[in-house]
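Colleague: Before I use this model I would like a close look at one helix and its surroundings, with the terms spelled out as you go.

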Amino acid sequence: MTLEQVRQAANALELRDVEKKFKKKRNDFSYALKGVSLTVKRGEVVGILGPNGSGKSTLVRVISTLTLPDSGEVRVFDIDAVKEPREVQRFINRVSVEASFFKKLSSLENLLFGAKLYGVSDRESRPRIKEILEGIGFDHKRVGEPMEHLSRGMQQKIALARALLTSPMLMLLDEPTTGLDPRSKKDVQTLIRGIRQDHDSSILLCTHDMGEAEELCDRIGILLNGELIALDTADGLRSKYGTSSLEDVFMKATGTSLDEAEFVQDMAEAAPAAD
Amino acid sequence: MQITHSQLDKPGWMREIIAIWGYAQRNYFLTKRYFWWEVVWLVYSTMNALTIGFIGVGFGTTSEEAAKVTTFLLIGTLLWSYLSMIFDLLSETVSWERWEGTIEYTFMSPASRTAQLVGMGIYAVLYGIVRMIIMLGAISLFFDMSLGNANYGAALGILAICSISLVGFGMVAAVMPLLSPEKGQQVTSIFTAVLLLISGIYYSIDVLPGWMQPLANISPVYYALNGIRNALLEGATFTSQWENIWPLLIMGLIFPPLGLWLFKKGEWFAKKTGRLKRSG
């Protein structure tokens, strides 16, 4: 698949009836995704709202070819992600809640390595690293410091820089601002807005922050217990459920608040451990 | 900000070579960052080799015999240090990434598993050679080794062939942590221990119980040790050691593709069962 063919695809992502269940014990399965269907158009930012354990991370793992679905279809720029994972991998990148880095290596070393995995040589990546780091307000003098010396917010910015370095056509953001202090959170959100404006990227953003979803996304989906129960623009959702806030939309769509849903999920996850 | 998709226009083979270089370079960066730990392990391995060398000195009744026994033991020690390091580095491919928390990032990248394992293998061989030379230098200060007739070229040739089969053997073992995140790495330690026992590193395999001796035939380390000992102690030429070379060549042809095939199967299983996660 060439870059031109990818550019001509109408949709960046298409999921049709995707199901995934995991075995807990013998004959005991838990559904992570139940018949999820979703489309992200080229250049669109789609947010997925859901409490912890709702299936957001499994959804991102399935799209990023790290988990194989039990059934259904996953197409990225019209390429089958299950049959041709390596083709898909060329066009996507991901930033997750944990900034996965070699902690003892510096940000420069991590970035050089990350770029090479996508076929970007040192000669190409060094000037781009400088440019991207300047763009995100990272002091270039600190590029030699081990990642473990950097704050969480700074590490998350480097994670975004690493993804940008490979110019992904589809960016998967799995709770990129969770656990960040308000200042870092704002910086990362500004960066995400910048990616949308400056890069030829489509974005799937998983979050449990309603304000973030509304501010950054064209359309918002609500995922609960592995089911996508709503998907529309923020205004569309409000009008559909006859409410004035996304919090109320979530409440009406799920019968519970996001905080309550997270509490119930946390309790459910803690229960087997207590046995 | 300038958007470039230059890598997307590159041919696949070029992206793979860049990725292979990436893995080898990353391991070099990691060795630099953990430098003092590397020094600690090198000192420990050298002390261990010296201890084994002195056992050889104690067992010889004449100085000539002592030199021969010592050389026999030290060749085994040095070679084991080199080969077990290659095996460990390869077999830890998955557990290391999981421990660092980078496994998902690595496995979702378009670089193939072949590129990953070849990159790891190249670095392991180069690093192992540097480490072995340093150890050899330190050891030679303490012992009068019986290397008057040594054929170094033949020894290096056999070492090179054996390195390929050991890289493949490591790939086979690397699949274990994919199948079982909790216990997989421990299983690879059992692989190492069995290789140590059956390969005749510190003794001739003739001293093993009869039922155990045939097991040496499936260990590349056994043939490498035989060949290198013959070359260094007796001055045997490369071509005169066909009985040690052909099994190594066959293992070198079988183990790397077998390791890759198993690794890909293991990766599929891990993706199907959701085991490809940063934590166990």
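Colleague: Which residues of α2(A) are buried?

Modeller: This is a predicted model, in which local features need pLDDT of at least 70 and side-chain atom pairs count only at pLDDT 80 or more, while totals for chains, interfaces and linings use all residues. Residues are numbered from 1 along each chain as its sequence is written, and chains are lettered from A and ligands numbered from 1 in the order in which they are written.

The buried residues of α2(A) are Lys56(A), Ser57(A), Thr58(A), Leu59(A), Val60(A), Arg61(A), Val62(A) and Ile63(A). Buried here means that 20 or more other C-beta atoms, placed from the backbone, lie within 10 Å of the residue's own, whereas 12 or fewer make a residue exposed and values in between make it partly exposed. Because eight of the eight residues of this helix, residues 56-63, are buried, α2(A) is largely enclosed by the rest of the structure. Helices (H or I, at least four residues) and strands (E, at least two) are DSSP runs, numbered from the N terminus.

The helix is followed by Thr65(A), whose phi is positive, lying near 70° in a residue other than glycine. Thr65(A) sits in the loop that runs between α2 and β4 (71-76) of chain A, and 24 other C-beta atoms within 10 Å make Thr65(A) buried as well.

Beyond that loop, β4(A) runs antiparallel to β1(A), and five bridges join the two strands; strands pair if DSSP finds at least two bridges between them. Within this pairing, Glu19(A) stands opposite Ser71(A) in β4(A). Strand β1 of chain A spans residues 11-25 and includes Asp17(A), where phi again takes a positive value in a residue other than glycine, near 50°. Asp17(A) has 13 C-beta neighbours inside 10 Å and therefore counts as partly exposed, whereas Thr65(A) is buried.

On β1(A) there is also an antiparallel pairing with strand β2 (residues 28-41) of chain A, which extends over 10 bridges, and one of the partnerships with β2(A) sets Leu13(A) against Val40(A). The hairpin formed by β1(A) and β2(A) has two residues between the strands, and in it Asn27(A) adopts a positive phi near 60°.

On the scale of the chain, an automatic or database domain assignment divides chain A into domain 1 (3-91 + 177-274) and domain 2 (95-167). The centres of these two domains, taken over C-alpha atoms, are separated by 25 Å, and their contact takes 10 residues from domain 1 of chain A and nine residues from domain 2 of chain A. Two residues are in contact if their C-beta atoms, placed from the backbone, lie within 7 Å.

Chain A also meets chain B, with 35 residues of chain A in contact with 38 residues of chain B. On the chain A side, the elements that give two or more residues are α3 (85-89), α4 (107-117) and α5 (122-135). Chain B itself has 11 helices and zero strands, its C-alpha atoms fill a box of roughly 75 × 45 × 35 Å along the principal axes, and 47% of its 280 residues count as buried.
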